[in-house]
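Hi,

Here is the structure I said I would pass on. Have a look at it first, and my notes follow below.

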Amino acid sequence: MAADFTFRLKNTLAFQRSGETVEVVVPEGTDLTQSSLFDEAGSEVPFEAVDAQTIRFQANVSPGATAGYVLHEGTPVAPTKLTYAAVKSPSSRADIAWENDLCAYRMYSTVLLKNEPNTAQGVDVWFKKKAIPVIDDMYGLSNYHNESQYGVDAYSVNGKRLGCGGTAVVVGGHLQMHNPYTTCTIDEQAALRSGFTAKHENVSIDGDTYTKTLTVETTAGALLNKATVRFDGPAKTFRLAVAVYQHTDMNHLVEGNAFTDVNGLVGWAEAKSEGSITSAGARFFQGAYIPSGTSSETVMTEVIDDHLCLTLDYTVGTELTFYFGGGWSIFPEGCYDSDEAWFEALTQFKQATEHPLELTSMRLLPQKDDVLGILNLVNQTWQAKNPTHGDYFWNRAVYHIGNMAAYDVTSDEQYLNYSTAWANKNNWWGATGTDKSRWKYTTYGEGADWVLFGDNQVCFQVYADLYHLDPSPDSKKIERALEVMSYEIGTANSDYLWWVDGLFMVMPIMTKLYHITGNHDYLDKMYDYWQYANSIMYDEATGLYFRDAKYVYPAHKTTAGKKDFWARGDGWIFAAFAKVLSDLPLTDIHRNEYISYYRRMAAALKDCQQEEGYWTRSLLDATQAPGRETSGTALNMFAYAWGIRNGILSDLEYGSTLERAWNYLSTIALQEDGTVGYIQPIGESASPGTTVNANSYHDFGVGAYLLAASEMSRLAVDAGSLPKLRLSSATLTDDSHLVVRFNLLPNAEDAALATNYLLRSAISGDPYMSTDTPVDASDIDVAADGTVTITLAEPLDYGLYTLSVVDIKSADGGEMAENQHRTILRTVPLTGKQTGVVVYSSGSQDGNPHANANDNNLSTRWSQEGDGQWIRYDLKAVKGVYAVDVAFYNGSQRVFYFKVQTSTNNRTWTDVTGDLTSSGLTNEMERYRFNPVDARYVRLLCSGNSTNKWNSPTEIRVRFTDSVGIDDAPQVPALNSTSRMYDLGGRPLHHLPTRGLIIREGHKTVLHR
């Protein structure tokens, strides 16, 4: 006896799978005659041997869960016989009859034609009342049309009809019937599965003669039979129907009910069509199903000659697989006791057939809605923090690759619009050099002439995807990509991909452009480039890639003397394999070679994964740069998920790897505010000196995260409910108008209620401070496209707000997802240099002096590295200071850490704010308020940013209570003889607002309701 064989079965559906028959291949050398099977609870599970290495048994797996089993040495327990097939030979017929534990059936042979010449190829149904075989007993009854202890034949095939799941060709708009079967053989006779093959000779179809072969198998616990039909004869394509006879032409039949809501599936419910029924309220059910993907043509639902039909184009000599069967409301008790329950059972059978229980090493399966909830939170947080678009370079382009993947699984137009705006901003180009004689690629470069360097080309992947999505493709979107890449593949060089990142940046472009142009040179050159990369950085011994030639062992080693494989680098190529294989033609001569490298990487990376689910920056030496890292982990997880979903990687082998990676990404890397932490900054190695922590947040890492989450959502358990309404964006178009958009059309009445929009302010003294308060709206307009425009009764002050949306359903009745909120930032306009001040600092980087912080230019900056660096404003006199406005270099991508201190004498300093952080949302000025204080000197004491230790304000304004302190507001005639009022932007007020902050008589005034 071999060692115990432990395995798990995965149910990716949102309903219980009970008594479902599965087959599992066991390890070679297992003696099934000396083996017992047990479930996780320790209960013995009966099984039958299909062959020397395959067992068949009935499994029970909870919704969205996995169930474990173990096969070990013992005495096997055989299952109760639940299926049966036999050719029954009463005096006048030779029926083929078969059954499982749910229902029984029969078809007629040509023998019956002697006495009943009106007989055709229809399927009869016998409705059972016992799970064990009853066919022999039914044939022994004097009248099986009367309900008995075994069941009843209450379904009339009615002569030249197809009954419950027969097949016929459609000729001239009618079903062309043919004679019953000629010969029949039993293929299998087992406890949990039985089957047969019937041949119909001399079938006449539109003037030609064919042989029809029908193979049927019935399986324990299966609602429908599985069948395969094949016609052999003169070559032809005709319309073929799988049909259920509705009995609508029988006068006494009433209360028929059809189900056609699901493509490729039909159901029928009716009263008895013959016989005598004693069970009260009995309903009799039929159904048929053609799996999706069976034909390139769409399966149509039609009613033909009183039959509910599934029709499709069929080509002679091919096989069509379909399912058919019946049941009734009496048995099994409580399973489908209404028409609606039968139709639901049919729908679930279709889902279970298309998503069979499969072997896995996973224990927990995420819910699809949970995965999409995380994906949306991460992406919407990023977009809210980055309202302006970056350049085309690799780091931002990789984010957009992830954003396009998010759009693919959510259909959220906000995501599509965001990437389209980015592409437009960059004119659908990468590097902008136009002189081909100057184009470079052999070294790293960010300039205009590095057109052939892959980091400047990865943007073309996004442009190609956007081009494909355009209903009327705009050639502008790919003109530059085609110009650059066609030039590149036209050269004799093959050394373009000399660093491992480049494989991800460039190879998927080649497959995308192949599909756009049909030019096979893209695929040929991609292979050549990959072969060159393999020759300089692939390690045969491990199946992993060095970052580039200079990192190859032994010339380069970790501190401990080991091979140094950079996690994100190998993540790039592992993910590149998945992206390339998803687009590569199945007939490509190199496809299997790519797959072999991809599978070897999967095995190698599996062994490097840390228990917490991440991969350390140096894959084989966790001590080189210890701790969590997200970007490489996300790329790896994406590649594993894609491979498992597409059947290239084994769920049994890699399911637990995927599970641990998702657990890390969704519970540790994901931060409470929707940011993603532990992303190694831009670099090329597992550098021990690089800080990676929960605040390490970078665009390319978010893109990798979105790739992983998008692919995981395709594997996750779909509850099948209506999609949830989510908040896509919230934009303050001016100080009084808030525009809100959703992923779906909202219910207009819900969306028009002010109480469903809650604001919370981070501004001291603001009416929305500290509690979620319904917006004070003078009007809410809900447009036909679902866009909501909220006109605020009072303008919002400068600063940071959180908008939460609650209790709004979609127009279709879908619930709103939880935690739908967006950050809104009203920035301070730049309105000239601040006069009457002198600026000093603790020191300045060459080229970035402190004067740059007061030059009315957001493109210049003061910079100085290190904790405790300061920049100071001397106001030349004591003022009533109440705020500082600051803009930061790359402020939309980094969070800066600082505090505001004041002094009257430049010796004794007081913290007036405590520790502050910038929002990370904008490159413009943000306002930081504090309780008014008398001060002549104001300084920012700085502590670096979320990426490094550099302190880099681009502009600073000190706000105090006189006209200079409020943006040089002009003097205007007083509202009365004693007062002069301005808002905090320095604009004169001609009426008194009901709430907010104003400047009145030179002093800050808080107005409440």
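By class, how many residues in the lining of the second largest pocket are nonpolar, polar and charged? Polar residues number 19, next to 16 nonpolar and seven charged ones. Before you read on, please keep in mind that this is a predicted model.

Let me stay with that second largest pocket for a moment. Its space comes to about 880 Å³. There are 42 residues in its lining, and Lys 385, Leu 800, Thr 917, Ser 918 and Ser 919 are the closest to its centre. Helix α3 (368-385) gives the most to this lining, with six residues. Other elements that each supply at least two residues include β34 (799-805), β35 (821-826), β41 (916-917) and β42 (926-945).

Now for the largest pocket. About 1,100 Å³ of space lies in it, and 40 residues line it. If you want to find the middle on your screen, go to Glu 20, Gly 221, Ala 222, Phe 349 and Ala 352, which lie nearest its centre. Strand β2 provides the largest share of the lining, nine residues. At least two residues each also come from β16 (208-219), β17 (225-232), α2 (339-354) and β25 (358-360). By class, this lining has 21 nonpolar residues, ten polar ones and nine charged ones.

On to the strands. β6 (residues 66-73) is mostly covered, with six of its eight residues buried. It pairs with β1 (residues 5-10) through six bridges, and the two run antiparallel. In that pairing, Phe 5 stands opposite Leu 71 of β6. β6 also pairs with β3 (residues 35-39), again in the antiparallel sense, over five bridges. There, Ser 36 has His 72 of β6 as its bridge partner. As a reminder, strands of a sheet pair through backbone hydrogen bonds, either parallel or antiparallel.

Last, there is an open sheet of five strands, in the order β7-β8-β9-β10-β11, with antiparallel pairing. β7 (84-88) and β11 (151-152) are at the edges and have a single partner strand each, so one side of each is left without a neighbour in the sheet. Inside this sheet, four bridges join β8 (residues 95-99) to β9 (residues 103-107), which run antiparallel. If you'd like a pair to click on, try Trp 98 and its bridge partner in β9, Tyr 105.

That's what I have for now. Shout if anything is unclear.

Cheers

Terms used. Residues are numbered from 1 along each chain as its sequence is written. This is a predicted model: local features need pLDDT of at least 70, side-chain atom pairs count only at pLDDT 80 or more; totals for chains, interfaces and linings use all residues. Side-chain values use heavy atoms; hydrogens and water are left out. Buried means under 20% relative accessible area, exposed over 50%, partly exposed in between (1.4 Å probe, protein chains only). Two strands pair if DSSP finds at least two bridges between them. On a 1 Å grid over the protein atoms alone, a cavity is a set of points where a 1.4 Å probe fits but cannot get out, and a pocket is an open set with protein on both sides within 12 Å along at least five of seven lines; lining residues have an atom within 4 Å of a point. Grid points are joined across faces, edges and corners, and a volume is the space filled by probe spheres set on the points. Ala, Val, Leu, Ile, Met, Phe, Trp, Tyr, Cys and Pro count as nonpolar, Asp, Glu, Lys and Arg as charged, and the others, Gly among them, as polar.
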